[in-house]
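Student: I have just opened this model and would like some help finding my way around. Could we go through it together, one question at a time?

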Amino acid sequence: MDLTKIISISGKPGLYKLVSQAKGGFIVEDLDKGKKTSISAQNNVSLLENVAIYGVSEEYPLKDVFTKIYEKENGGACISHKESGANLRKYIEEVLPEYDESRVYDSDLKKLFQWYNILQAKGLVTPEPETEEVAEEETSEEKPKAKKTKAKKED
C-alpha cells in the first residue's frame, strides 16, 4: 500500500492524490471525482504516510491500521463513517484494541473510516506481501555464506 502521494487537505472533504507541483502550490486530483485542481502552498496538507493513530504504548501508522482493517474485512469496505461514535469505537476496538481512547476522538475515527473506504473503493488498499521481505532477508543471509565458502576454497 503506497500512501506517499495521498493527502488530506484541511477544510476540504475527501482525499487527494498529489499530481505535480505548480507555482505557489500543488496540483491535486480528487480521488472521489477524479477532478484535478490547484491548491495554494498555504493550505494545511497532511500526507497520509505521516499520519498515525495514538496507541496506549506507541503510535500506529495509518498504513498498518488500514492493513488490519483490510484483513478484518477480507479486502472489502469497512463501517460507514456516518455511524454513531459508539459504533465507531466498537469497530476500532476490534481492529486495534490497543488504541488510546482518551486521545483518539470520534472525529478522528470518522476520518479514518472514510479515508479507508475511499482508498478501498479505488483499489489503493492492499496489504504488503510479507513473503517477499522474508525471501530477500534469506537471500542476503545466504550470499555472505557463499562468499566465505569460496574464499576458503581459494586458499
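Student: How much space lies in the largest pocket?
Tutor: Good place to start, and please keep in mind that this is a predicted model. Rolling a probe the size of a water molecule over the atoms shows where empty space is left. For the largest pocket, that space comes to about 400 Å³.

Student: Which element gives the largest share of the lining of the largest pocket?
Tutor: The lining has 21 residues, and Ser8, Val51, Asp108, Lys111 and Trp115 lie nearest the centre of the pocket. Strand 1 (6-9), strand 6 and helix 3 are the elements that give two or more residues to this lining. With five residues, the largest share comes from helix 3.

Student: In what order do the elements of the protein run from the N terminus?
Tutor: Let's step back to the whole chain for a moment. The protein has four helices and seven strands. From the N terminus on, they run β-β-β-β-β-β-β-α-α-α-α.

Student: Which helix gives the most to the largest nonpolar core?
Tutor: This core has 29 residues, and Phe66, Ile69, Leu112, Phe113 and Leu119 are those with the most contacts inside it. At least two core residues come from each of helix 1 (62-72), helix 2 (85-95) and helix 3 (106-121). The one that gives the most, with seven residues, is helix 3.

Student: Leaving aside neighbours within four places in sequence, which residues is Leu112 in contact with?
Tutor: Leu112 is a good one to click on, as it is among the residues with the most contacts inside the largest nonpolar core. Once neighbours within four places in sequence are set aside, its contacts are Ile53, Leu62, Val65, Phe66 and Ile92.

Student: How many residues are in the other core, which lies apart from this one?
Tutor: You can find it by looking for Ile7, Ile9, Tyr16 and Val28, which are among its members. The number of residues in that separate core is five.

Student: What do the buried residues of helix 2 pack against?
Tutor: First pick them out: Gly85, Leu88, Arg89, Tyr91, Ile92 and Val95. They lie on the same side of helix 2, because they cover an arc of only 160° around the axis. Lys90 and Glu94, on the other side, are exposed. The buried residues pack against helix 1 and helix 3.

Student: Which side chain does a polar contact of 3.1 Å join to that of Arg89?
Tutor: Arg89 has its place in helix 2 and is one of the buried residues there. Leaving aside neighbours within four places in sequence, Arg89 is in contact with Tyr99, Glu101, Val104, Tyr105, Asp106 and Leu109. The partner in the polar contact of 3.1 Å is the side chain of Tyr99.

Student: What covers the buried residues of helix 1?
Tutor: The buried residues to look for are Leu62, Val65, Phe66, Thr67 and Ile69. Their cover includes strand 6 (52-54), strand 7 (59-61), helix 2 and helix 3.

Student: Is Asn74 buried or exposed?
Tutor: Look just after helix 1, where Asn74 takes a positive phi of about 50°. Most residues other than glycine have a negative phi. Asn74 sits in the loop between helix 1 and helix 2. Its relative accessibility is 73%, over the 50% cut-off, so Asn74 counts as exposed.

How values were computed. Residues numbered from 1 in each chain as written. Predicted model: local features only at pLDDT ≥ 70, side-chain atom pairs only at ≥ 80, totals over all residues. Heavy atoms only, no water. Core = buried A, V, L, I, M, F, W, Y, C linked by side-chain atoms within 4.5 Å. Buried < 20%, exposed > 50% of the residue type's maximum accessible area, 1.4 Å probe, protein only. Contact = heavy atoms within 4.5 Å. Polar contact = N/O pair within 3.5 Å; in protein donor to acceptor, adjacent residues only side chain to side chain. Arc of directions from axis to C-beta. 1 Å grid on protein atoms, 1.4 Å probe; cavity = no way out; pocket = protein on both sides within 12 Å on 5 of 7 lines; lining within 4 Å. Points joined across faces, edges and corners; volume = space filled by probe spheres on them.
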